[in-house]
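Ready for a few warm-up exercises on a protein model? Take a look at the sequence and structure first, then work through the tasks one by one.

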Amino acid sequence: MFRRTQTTADDSPVSANDPKPAGKGRPTPKRRDAEGRRRQPVNAPQNRKEAYKQLRERQANERVKAREGMMRGDERYFPARDRGPARKFARDWVDSRRIVSQYFLPFSLLILLLTWVPFPPASRQYIYAAVITIGWPIMMVGVLFTSVWVSWKVKKLVAEKFPGENVKGVGFYAAMRALQIRKLRFPPPAFLPGGKPVPPKK
């Protein structure tokens, strides 16, 4: 009653410049072949040693990338303690000033070096007395008062400038940064003493 009509697929080669898409009368590419062309080789580790080596290389690359980001001042790579507008303000405020406490570590190093210098016995006791009994206590008192003042000042300014920001710990953060030698501060300073921005490195 009903006759089945058979259609034959056109197996003739298709030109690469043929604008017609694969459709009627053309063989559709197999999914397996299409996916195979999109796949890229994956260097899967063959054993535990190779897997551990790849893990160490990946971690090393991530550390390098994070350090470069921190050196650029990209806050995405900062530790949690350095993030946020309050901490950035504290860093910039400290870095744009010359504060007495930043000379504490160089002064301590100078005292240590003086103890190694072979001064004549007659003058040694006077030098040690001047440095240890006079210079050292004065420096300690100066550092203590400076740290308290920096902590109070920065905390007050942050509360005024960022009313909704949490100021907990920001004063101590500023005081500890003021104790560090400028070149060893991290994240690196964005301002020079006096308030001028640090020029970009060439």
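Here are three short exercises, each with a worked solution.

This is a predicted model, where local features need pLDDT of at least 70, side-chain atom pairs count only at pLDDT 80 or more, and totals for chains, interfaces and linings use all residues. Residues are numbered from 1 along each chain as its sequence is written, and side-chain values use heavy atoms, with hydrogens and water left out.

**Exercise 1.** Work out how many helices and strands the protein has.

*Solution.* Start with the definition: helices (H or I, at least four residues) and strands (E, at least two) are DSSP runs, numbered from the N terminus. Counting these gives 6 helices and 0 strands. Walk along the sequence and you get α-α-α-α-α-α.

**Exercise 2.** Is Ser96 buried or exposed?

*Solution.* First, find Ser96: it sits in the loop between α3 (85–95) and α4. Next, recall the cut-offs: buried is under 20% relative accessible area, exposed over 50%, partly exposed in between (1.4 Å probe, protein chains only). Ser96 counts as buried because its relative accessibility is 16%. Now check its neighbours: leaving out residues up to four places away in sequence, Ser96 touches Phe191, Leu192, Pro193, Gly194 and Gly195, a contact being heavy atoms within 4.5 Å. Finally, zoom out: 22% of the protein's 202 residues count as buried.

**Exercise 3.** Find out how the contacts of the protein spread along the sequence.

*Solution.* Take contacts between residues at least 6 apart in sequence; 61% of them join residues at least 24 apart.
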